[in-house]
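Trainee: I would like a close look at the side-chain contacts in this protein. Please take the charged residues and the aromatic rings together, and go slowly enough for me to follow on screen.

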Amino acid sequence: MRRLAVDALPVGCASTAATFYAVVSIYRHDRFASGGYDLGLFDQTIWGYSRLELVRNTVKGVPNLLGDHFHPALMLLAPAYWIWDDARVLLVAQALLLAAASLPLFWWARPRLGVVGATAIQLAFLGFWGLLAGMIFDFHELALAVPAISFGLYGLLERRQALFWAMLALGCLAKEDIALIFAAMGVYAVVIQRRPRFGLGAIGLAGAWFAVTIGVIIPAISGNRYHYWHYPSLGRSPTGAPFAAVRRPWRVAAAVLDRREKRATLAATFGAWLFLPLGSPLLLVTLPTIAERFLAGNPAFWSDRFQY
């Protein structure tokens, strides 16, 4: 019974957090505090999926939302509309996805820190301000990416290759830029774990998927080139970014900290964990996200008030 109770403990913590997230999100929505943009455009598109249709998105003003960002994994949420045909179903789904991402943290920490330490790590994650900011900001496709990254990282650290590859596929189909995070996991496998074959495979597959998605798939669907590129310090296009970083690394590094709000958000992010992540080799995995957010010319990316 003790063993069963310990095994059920992380699920209980995640379930309690999911209930709290869902209640708060629905409370906000019912009192007109949710936004009509992200929640509206995803509700419309996923509602169409539930009827096996690709409907024109009138919120974004595009014939197919896959031509804006490539997130076909959202189709997995369509059956929920067969049960409850309401935008609030997405808020519940997001609550479940974010809470589920805490489970691998407990499983990884338990043999190293014991049950109490693992529970503390899980609860710290569930109460982390970054996760709560994403929960409060209506619904976003990144909700699918969060458990994909968490379970994928667990698969990487525990050398469970089947789990890692499955999560890589889910993450890449949740949003195109998530491929960069899995490529960074490949770098970790090569540099830290000394698994060159596995790591180079992850880097190659994730990198190729990212290039094909932004260079071929999204333009083919939208009829326009990929337009989510606003990185003054990295040049005018994604293809020139590596060369800009090599030629002017000091300029790129300085751009991460060139605004007070950036510094405040970074301090809040790492400070929430007593800056301990800065001493971990797993920092490698965070570099694409830090670069993508803090090198961007869009202030919403490095603000602490949105889902990013």
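Mentor: What follows is a walk through the salt bridges, then the rings, then a patch on the surface. Keep in mind that the model is predicted.

Start with the charges. The count of salt bridges comes to nine. One of them joins D177 and R293, with the closest N and O atoms 3.9 Å apart. D177 lies in the loop between helix 8 (161-174) and helix 9 (178-191), while R293 lies in helix 14 (residues 283-294), so the pair ties together parts that are 116 residues apart in sequence. Are these two residues buried or exposed? Both D177 and R293 are buried.

Stay with R293 for a moment. R293 also lies over the face of F301. The distance to the ring centre is 5.0 Å. So R293 has two partners to find on screen: D177 in the salt bridge, and the ring of F301.

Next, go to D258 and K262. Their side chains meet in a salt bridge at 2.9 Å, N to O. What is the cover on each partner? D258 counts as partly exposed, because its relative accessibility is 43%. K262 is at 3%, so K262 counts as buried.

Salt bridges can also share partners. D30, D86 and R88 are joined in this way into one network. Within it, look at R88 and D86. The closest N and O atoms of this salt bridge are 2.8 Å apart. R88 has a relative accessible area of 22%, which makes it partly exposed. D86 has 19%, and is buried. The two values fall on either side of the cut-off, because buried means under 20%.

Now a polar contact. Find H69 in the loop between helix 2 (38-50) and helix 3. H69 is buried, with a relative accessible area of 12%. Which side chain does the side chain of H69 contact? The partner is the side chain of E176, at 2.5 Å.

Turn to the rings. A search of the whole structure finds 13 aromatic pairs. Take F128 and W129 among them: the ring centres are 5.7 Å apart and the planes stand at 50°, so the pair is tilted. The reasoning is short: planes under 30 degrees apart would count as stacked, and planes over 60 as edge-to-face. F128 is buried, at a relative accessible area of 17%. W129 is partly exposed, at 28%.

Rings can also gather into a group. F164, W165, F182 and F198 form one aromatic cluster. Pick out F198 from that cluster. The charged end of R195 sits over the F198 ring, 4.1 Å from the centre. F198 therefore belongs to a cluster of rings and also has a charge over its face, by the rule that CZ of Arg is within 6 Å of the ring centre and within 35 degrees of the ring normal.

Finish at the surface. W82, I83 and W84 make a nonpolar patch of about 420 Å². I83 lies in helix 3, which covers residues 80-83. Is I83 buried or exposed? I83 is exposed, with a relative accessible area of 78%.

Methods. Residues numbered from 1 in each chain as written. Predicted model: local features only at pLDDT ≥ 70, side-chain atom pairs only at ≥ 80, totals over all residues. Heavy atoms only, no water. Phe/Tyr/Trp six-rings, centres within 6.5 Å; stacked < 30°, edge-to-face > 60°. Buried < 20%, exposed > 50% of the residue type's maximum accessible area, 1.4 Å probe, protein only. Patch = residues over 30% accessible without salt bridge, like charges linked within 9 Å, V, L, I, M, F, W, Y side chains within 5 Å. Areas by Shrake-Rupley, 256 points an atom, 1.4 Å probe, with all protein chains shown as cover. Salt bridge = Lys/Arg side-chain N within 4 Å of Asp/Glu carboxyl O. Helix = DSSP H or I, 4+ residues; strand = E, 2+ residues; numbered from the N terminus. Polar contact = N/O pair within 3.5 Å; in protein donor to acceptor, adjacent residues only side chain to side chain.
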